[in-house]
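Hello,

Here is the structure I promised to pass on to you. Please open it and have a look around before you read my notes underneath.

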Amino acid sequence: MSESMSSPSPSQALLELRDVRRGYHQGESRLDVLNGASLSVRAGEMKALVGPSGSGKSTLLNIAGLLEQPDSGTVFIDGIDSARLRSAKRTLLRRQHIGFVFQFHRLLPEFSALENVMIPQMLAGLDKFEASDRAAQLLAMVGLQDRVDHRPGLLSGGEQQRVAIARAVANAPRVLLADEPTGNLDPDTAKDVFGHLAAITRATRTAALVVTHNQQLALNMDSILTIENGHVVELA
C-alpha cells in the first residue's frame, strides 16, 4: 500500500472528509453518528460547525484531527490520504499538519506565554532561539507582545486563549481544528478572541474548522455547517 505524500494543487482542500461513517455499539444496539459525512475546507477558509449536543460534532472533529478512525470513508489532510498510512505515519501527519484549540486552553502553568508557544516547536526539533523568535512573532499577531513573560495565572481568560491559539499554529499546521474556543468567555472577550483566531487563520493560510454554539461568531465565518441524520449540511 502506497504512503506517498504528494503536494496538493493550490485549489485543493487542505481538509477533506469523504463519505465518512462512524457508529458505536450500545449493548446489543448500534448508534450511527456519522452516515456518509463529507466536507472540505481550503487554505485561509473558516467554517463553523454548529448543532445540538449529541449530533456528532465531537466525533467528526476527532476524525478530522486523526484522533479517531472512521468505520469507513476517507480523511485527506493537505492532499494526503490518511487511510493509506500506517499508524506511525498517521500520527506524524497529525503532529506536523494539524493544530488544535480547545475550550480549556491547557497551558502549562509553570511556563510563560512565550515558553508555552516555544515548547511544541522545540519538541518538533527547532532550536530554542528560532522557537523563541517565532513564538514572539505569533504572540504579537494575537496582540500579546507585552505579555510574553507572563505565566498563565497572570493572564486573563481571553489572553490565555490567545496564547493557546498561538501555540496551536506554532508548527505551521495546514489545518486548525477548534472545539468551542470561546465557550468559557464572556461575549465581548469571545468576540475579541475570535477576531484574533480569524486574523491568524487568514495570515497563515490555514484551513480552520470551528465547533461553536455561538451563532454570532458562526455568522462571521465563511460558511456554517451542521450534522443532520449523520450527514454534513451547509446552512449558510
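Below is what I found, from the overall build down to one pair of strands.

Please keep in mind that this is a predicted model. The protein contains 7 helices and 10 strands. Its radius of gyration is 18 Å, close to the 18 Å that the globule rule gives for 236 residues, so the protein is as compact as a globular protein of that length. If you draw a box along the principal axes, the C-alpha atoms fill roughly 55 × 40 × 40 Å.

Now to the inside and the outside. Of the 236 residues, 48% are buried. The accessible surface comes to about 11,500 Å², and carbon and sulfur atoms account for 49% of that. Taking contacts between residues at least 6 apart in sequence, 71% join residues that are at least 24 apart. As for charge, there are 24 positive and 26 negative side chains, and the centres of these two sets lie 5 Å apart.

One sheet is a nice place to practise reading strand order. It is an open sheet of 4 strands with antiparallel pairing, in the order 2-1-4-5. Which strands sit at its edges? They are strand 2 (29–41) and strand 5 (80–81), each of which pairs on one side only. Look next at strand 1 (residues 15–26) and strand 4 (residues 72–77), which run antiparallel to each other and are paired over 5 bridges. To find your way there, start at E16, which stands opposite F76 in strand 4.

Happy exploring!

Methods. Residues numbered from 1 in each chain as written. Predicted model: local features only at pLDDT ≥ 70, side-chain atom pairs only at ≥ 80, totals over all residues. Heavy atoms only, no water. Helix = DSSP H or I, 4+ residues; strand = E, 2+ residues; numbered from the N terminus. Rg over C-alpha atoms; globule rule 2.2 N^0.38 Å. Buried < 20%, exposed > 50% of the residue type's maximum accessible area, 1.4 Å probe, protein only. Contact = heavy atoms within 4.5 Å. Areas by Shrake-Rupley, 256 points an atom, 1.4 Å probe, with all protein chains shown as cover. Lys, Arg positive; Asp, Glu negative; His and termini not counted. Charge placed at Lys NZ, Arg CZ, Asp CG, Glu CD. Pairing = 2+ DSSP bridges.
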